[in-house]
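Some questions and answers on one helix and the core it packs into follow. The model comes first.

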Amino acid sequence: MNHISLSDERIEEIRKVTQEDEVFNKIVEYVEKGWPLNKKDVAKEIMPYFNSKNNIWVMDSIILKNNRIIIPHCLRKKILSNCLLPHEIVKIPWYKLDCD
């Protein structure tokens with residue numbers, strides 16, 4: 001599976017939750033103002049995103065890695081359960097980022 005289609009309502013929900021999420025707000029700030037040079041200078045909640053920082057960008061208040069939406073943690077199970085069959089969930093690694 002290469003793509004998961006999301007409705008306009010789901011996109012708006014992602015946008016709203018992204019704007020309310022403290023970790024995602026910090027990521028937006030880093031994207032807009034620049035990331036710290038050293039990984040040790042970011043909060044532990046942000047560290048999983050640090051190695052991908054050059055591929056993370058923001059469009060219309062939604063965070064993307066390359067051309068894929070990064071789903072806020074609190075919505076991940078909900079979106080997966082609505083989009084996939086149970087046996088497919090383990091095959092989708094979109095929620096994992098490099099954690100070196």
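Q: Which residues of α2 are buried?
A: The model is predicted, so local features need pLDDT of at least 70 and side-chain atom pairs pLDDT 80 or more, while totals for chains, interfaces and linings use all residues. Residues are numbered from 1 along each chain as its sequence is written, and side-chain values use heavy atoms, without hydrogens and water. Buried means under 20% relative accessible area, exposed over 50%, and partly exposed in between (1.4 Å probe, protein chains only). In α2, a DSSP run of H or I of at least four residues, numbered from the N terminus, the buried ones are Phe24, Ile27, Val28 and Tyr30.

Q: Within what arc do the buried residues of α2 fall, seen down its axis?
A: The arc is taken from the directions from the helix axis to the C-beta atoms. The buried residues line one face of α2, because they fall within an arc of 160°.

Q: Which exposed residues does the face of α2 turned away from its buried side carry?
A: An α-helix has 3.6 residues a turn, so residues three or four places apart point the same way. On the face turned away from the buried side of α2, the exposed residues are Glu22, Glu32 and Lys33.

Q: Which element supplies the largest share of the largest nonpolar core?
A: A nonpolar core is a set of buried Ala, Val, Leu, Ile, Met, Phe, Trp, Tyr and Cys residues joined through side-chain atoms within 4.5 Å. The largest has 12 residues, including Trp35, Tyr49 and Ile70. Both α2 and α3 (47-50) supply at least two residues of this core. The largest share, four residues, comes from α2.
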